[in-house]
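Hi,

Here is the structure I said I'd pass along. Have a look at it first, and my notes on what turned up are underneath.

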Amino acid sequence: MESNNKRIAKNTLYLYFRMLLTMGVSLYTSRVVLNTLGVEDFGIYNVVGGVIVMFGFLNSSMSGATSRFLTFELGRQDYEKLKKTFSAALTVHFIIAGIILILGETIGLWFLENKLVITPERMDAAQWVYQLSILSTMISITQVPYNAMIISHERMRVFAVIEIINKLLLLGIIFIVATSDFDKLIFYAVLMLGVSVIIAMSYRIYCIKHFSESHYKFEWNKEIMKPMVSFSGWNLFGNIAYVAKGQGNNVLLNLFFGTIVNAAYSIAATIQGVVVNFVSSFQTAVNPQITKNYASKNYEQFLNLLYKSSRLSFCIMLIPIVPILFNVDYILKLWLKIPPLYSNSFITLCLINSLIDTVSNPLITGAMATGKIKIYQLVLGTLLFLNLPVSYVLLLFYKEPTTMYWVSIVISGIVLIFRIKFLERMINLNVKDFLLQVVNKITLTCVPICGIVYLFYKYWGIAHNIKLLIFQSCTLALLSVFCVLLFGIKRTERQYIYSVLTNKISKYL
């Protein structure tokens, strides 16, 4: 038990380091790439590459299935079955890569040449980018089983190290392109493909060297492939529901209110992505343990991890959300000077929605671990699809853009309740235990934090300069951490944290 906690903690730290590095370099490189390529070529690179990404829904559903089945067999310690599962998964991903190639060279190419608005003199460059994007996507698709193998073995340090290499290579590309005499857009696309190959080879060499089960052998095992493809098919239904919720709502806003409100939606999505990254690293570290415990029939520990992951995920995400929401107006003005209308309301509501979804995510992992997701995905996917028709009808009567977010919050709450009830039948989840260990702890944490925020606002007010923003944000974050430690975690967890900290400190005294 203690060793598992240490492994989760170490892997979370590795993934947080990876996340912070990725965020920092990405924010810097996106600005430099824009300046290097120019607005038109930067737009071409993103929109042309996006055509291929649209076909990636097949891969996203299959990657979830691959990760689940590999982790499951590893949890059962059936290494012969694990080897066959890996080979079968890689075979399926080769097929998906072939499908993407066919779709890309037919429908996608037609869309590029006939629908995308690109100036004639840059069409040749766009063609180069498009073909290179197809190759890069195919490499990424066939990379999925190797990445899933690393996650299943919980070697998160590997992700952190290779990500450092990746970001250093990206920085190098920017400076090479900036000083070259070649067509910068084509040269940039070629070098980006080169980086994809290097990173893919790094992961594959590591897996082949350290995991004997990752040695590929052509495997057409129907007993393995059939449940994997069936699982991914129903997983695809759920993934499409999530895409419809996100992109569909964006389209609705455009239909009713125009592009200015779309800009606010994009700003809210950007902030949401940054905040969600804080908890996704923790969940990536703990998810393999959830699946492994179910596979090894250690159901007590399996349920304990579900409860702990749901509770701690909420608490971790709450810490950055509190200072952001308190000073959201000033942060927006500091970042964007003149933020789009409704940006502050959208950010507030989408982060509240994200907190609800954060509690749900570990339950999704628990359901996926069973492999029996047909009815589960059918019901919950349908509920998620309701975001679009319900929002559309309400927007016909209430011309208020935030209506869409309120609908999303209500449906997310309903979906959470349905998930709990489904898992009660699927894995014998005890609803009373979930309410006591998760909902009760979350409520006890939020109440004092709300009181602190109220007192801050009443006696201090919101920030009006950078120094006050930094001071308030740090103070609110620290007080949120204190509330989490006091009310959001169990006594045994506090003792564990205290013992780890005292041991670390004693080494340096």
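Before the confidence numbers, one definition: pLDDT is the predictor's confidence in each residue, from 0 to 100. You'll want that because this is a predicted model. The chain averages a pLDDT of 78, and 79% of the residues score at least 70. Where is confidence lowest, and where is it highest? The low end is helix α2 (residues 39-54), with a mean of 55, and the high end is helix α15 (residues 403-426), at 90.

Now for the helix packing. I have two pairs for you.

Take α4 and α5 to begin with. Helix α4 covers residues 79-114 and helix α5 covers residues 123-152; their axes come within 9 Å and cross at roughly 165°. Angles over 145 degrees count as roughly antiparallel, so α4 and α5 are roughly antiparallel to each other. The crossing of α4 past α5 is right-handed. If you sort the residues in the contact of α4 with α5 by class, you get 20 nonpolar, 7 polar and 2 charged.

The other pair is helix α6 (residues 156-179) with helix α7 (residues 184-210). Their axes are 10 Å apart and they pack at an angle of about 160°. By that cut-off α6 and α7 are therefore roughly antiparallel to each other too, and α6 passes α7 in a right-handed crossing.

While you're looking at α7, find Met201, which sits in that helix. Met201 has a relative accessibility of 41%, so it counts as partly exposed. Its C-alpha atom is separated by 8.9 Å from the C-alpha of Gln143, and the two residues are 58 apart along the chain.

Next, the aromatics. How many aromatic pairs does a search of the whole structure find? The count is 9. One of them is Phe346 with Tyr405: the ring centres are 4.9 Å apart and the planes are at 50°, so this pair is tilted. Phe346 belongs to helix α12 (residues 343-370) and Tyr405 to helix α15, so the pair ties together parts that are 59 residues apart in sequence. Are these two rings' residues buried or exposed? The cut-off for buried is under 20% relative accessible area. Phe346 has 0%, so it is buried, and Tyr405, at 7%, counts as buried as well. Elsewhere, ring pairs link Tyr294, Tyr299 and Phe302 into a cluster.

Staying with α12 for a moment, Leu355 is in that helix. Leu355 has a relative accessible area of 10%, so it is buried. The C-alpha atoms of Leu355 and Val276 are separated by 8.9 Å, with their positions 79 residues apart along the chain.

Last, some backbone angles you may want to look at yourself. Which residue has a positive phi of about 65° although it is not a glycine? That's Lys297, found in the loop between α9 (259-295) and α10 (299-326). Lys297 has 62% relative accessibility, so it counts as exposed. Tyr342 is another non-glycine residue with a positive phi, near 80°. You'll find Tyr342 in the loop between α11 (328-336) and α12. With a relative accessibility of 24%, Tyr342 counts as partly exposed.

That's what I have for now. Shout if anything looks odd when you open it.

Cheers

Methods
Residues are numbered from 1 along each chain as its sequence is written. This is a predicted model: local features need pLDDT of at least 70, side-chain atom pairs count only at pLDDT 80 or more; totals for chains, interfaces and linings use all residues. Side-chain values use heavy atoms; hydrogens and water are left out. Axes are lines fitted to C-alpha atoms, for helices over the stretch in contact, and angles run from 0 to 180 degrees between N-to-C directions. Helices (H or I, at least four residues) and strands (E, at least two) are DSSP runs, numbered from the N terminus. Angles under 35 degrees count as roughly parallel, over 145 as roughly antiparallel, 65 to 115 as roughly perpendicular and the rest as oblique. A crossing is left-handed if the near helix is turned anticlockwise from the far one by less than a right angle, and right-handed if clockwise. Ala, Val, Leu, Ile, Met, Phe, Trp, Tyr, Cys and Pro count as nonpolar, Asp, Glu, Lys and Arg as charged, and the others, Gly among them, as polar. Rings of Phe, Tyr and Trp (its six-membered ring) pair if their centres lie within 6.5 Å; planes under 30 degrees apart count as stacked, over 60 as edge-to-face and the rest as tilted. Buried means under 20% relative accessible area, exposed over 50%, partly exposed in between (1.4 Å probe, protein chains only).
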